[in-house]
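Q: Please take a close look at the side-chain contacts of this chain, and say how each partner is placed with respect to solvent. I would like one connected account rather than a list.

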Amino acid sequence: MDTWLNIVQKLPALYVLCCSVIFRIVHRFLQTVPRPGTVKADPWRTWKWRNLSVSLVHSLLTGIWAVACVIQHPVMVHEIHSTYTPSAYMLVVVSSGYFIQDAADIIFSGYAKASWEFLLHHVMVIWCFLYAVFTHQYVAGSVVALFVEVNSVFLHTRLLLKLAKVAQNSFIYTVNKLLNVVTYVTFRLGAQFYLTWYLIHHYSTLDHALYFLITMMLMNIMILIYFYRLLRTDFFSKGRSRNSARKFAED
């Protein structure tokens, strides 16, 4: 593993690009997978289904991987700036490739305007992750940040169920929305707020702390707004009519 890590660290841009290509291949493969009839009838729904499916694959892979990295090397939680393992570094490389591929997919699909919140999020993530990949700093912090992908499994599943027009009072939707809220609080808000606290608490000793703190603050605002929308839609909608159906953040 150390030998493989040394190779990757010598050509990090190449391996990030390779990971982007791999996720693009996954995207292409998913075009052959049968889709619900409610999705086939609309080009935007078809694209969104594939996009979310690739995102779900990424979340399943990196969410489990991030938790495993911290379980194997718990000190990363306490030293997010300088500590990492070969597995943790490879995780950040793989995830960087995904976010680049997903941002490109949104832009070149023609739906960038409807998904600007996600593009903004991706730009911030890509910048932070590539900083970690090229400088070998904040790799552990990136791993902790990827804890949010545990919640993303249920977020993406929720949107896929909505695209398939599964009833919100169905058993599968109800179970998923409850797991979604629980993991949103524990894995998404918990990870984000912990990293924010860490940056504030160790501000004077961290490199480029101001940039990362500003980035975290922006992300915190975004995820709190999305959490409000999530609760409003899944628990307090009461049959409210919906507008801007093509915006991810409004789903």
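**Side-chain contacts between the helices**

A: Arg 24 is partly exposed, its relative accessible area being 29%, and this value, like the others below, is computed from a predicted model. The acidic partner of Arg 24 is Asp 105, and in this salt bridge the closest N and O atoms are 3.1 Å apart. Because Asp 105 belongs to helix H5 (residues 86-109) and Arg 24 to helix H2 (residues 12-30), the bridge ties together parts that are 81 residues apart in sequence. Unlike the partly exposed Arg 24, Asp 105 is buried, at a relative accessible area of 6%.

This bridge belongs to a set of 3 salt bridges in the structure. In another of them, Arg 229 meets Glu 117 with an N to O distance of 4.0 Å, which is to be read against a criterion of within 4 Å. The side chains of Arg 229 and Glu 117 again meet across a long stretch of sequence, with Arg 229 in helix H10 (residues 209-235) and Glu 117 in helix H6 (residues 116-135), 112 residues apart. Glu 117 counts as buried, at 10% relative accessibility. The remaining bridge joins Arg 158 to Asp 234 at 2.8 Å, N to O, and it too links distant parts of the chain, since Arg 158 lies in helix H8 (residues 148-163) and Asp 234 in helix H10, 76 residues apart. Here both partners count as buried, Arg 158 with a relative accessibility of 0% and Asp 234 with one of 6%.

Helices H6, H8 and H10 return when one turns to the open space in the model. The largest pocket has a volume of about 910 Å³, and 46 residues line this pocket, those closest to its centre being His 121, Val 125, Arg 188, Met 219 and Ile 223. The elements that give two or more residues to this lining are helix H4 (43-72), H5, H6, helix H7 (139-145), H8, helix H9 (171-201) and H10. Sorted by class, the lining holds 29 nonpolar, 12 polar and 5 charged residues. Arg 188, already named among the residues closest to the pocket centre, also has its charged end over the ring of Tyr 184, at 5.4 Å from the ring centre. Another such placement is that of Lys 177, which lies over the face of Phe 235, 4.8 Å from the ring centre.

Contacts between rings form a further layer of the picture, with a count of 15 aromatic pairs. One of them is the edge-to-face pair of Phe 23 and Tyr 98, whose centres are 5.4 Å apart and whose planes are at 70°. As Phe 23 lies in helix H2 and Tyr 98 in helix H5, this pair ties together parts that are 75 residues apart in sequence. Both rings belong to buried residues, Phe 23 at 5% relative accessibility and Tyr 98 at 3%. The pair of Tyr 194 and Tyr 198 is tilted instead, because the ring centres are 6.2 Å apart and the planes stand at 50°. Tyr 194 and Tyr 198 are 4 residues apart in helix H9, and are therefore separated by about one helical turn. Tyr 194 counts as partly exposed at 24% relative accessibility, whereas Tyr 198 is buried at 6%. Elsewhere, ring pairs link Trp 127, Tyr 131, Tyr 138, Tyr 211 and Phe 212 into a cluster.

Two backbone approaches complete the account. Val 21 is found in helix H2 and counts as partly exposed, at 43% relative accessibility; its C-alpha atom is separated by 7.8 Å from that of Gly 97, a residue 76 positions apart from Val 21 along the chain. Lys 162, in helix H8, has a relative accessible area of 19% and is therefore buried, the cut-off being under 20%. From C-alpha to C-alpha, Lys 162 and Tyr 173 are 8.8 Å apart in space, and they are 11 residues apart in sequence.

Conventions
Residues numbered from 1 in each chain as written. Predicted model: local features only at pLDDT ≥ 70, side-chain atom pairs only at ≥ 80, totals over all residues. Heavy atoms only, no water. Buried < 20%, exposed > 50% of the residue type's maximum accessible area, 1.4 Å probe, protein only. 1 Å grid on protein atoms, 1.4 Å probe; cavity = no way out; pocket = protein on both sides within 12 Å on 5 of 7 lines; lining within 4 Å. Points joined across faces, edges and corners; volume = space filled by probe spheres on them. Nonpolar A, V, L, I, M, F, W, Y, C, P; charged D, E, K, R; others polar. Phe/Tyr/Trp six-rings, centres within 6.5 Å; stacked < 30°, edge-to-face > 60°. Lys NZ or Arg CZ within 6 Å of the ring centre and 35° of its normal.
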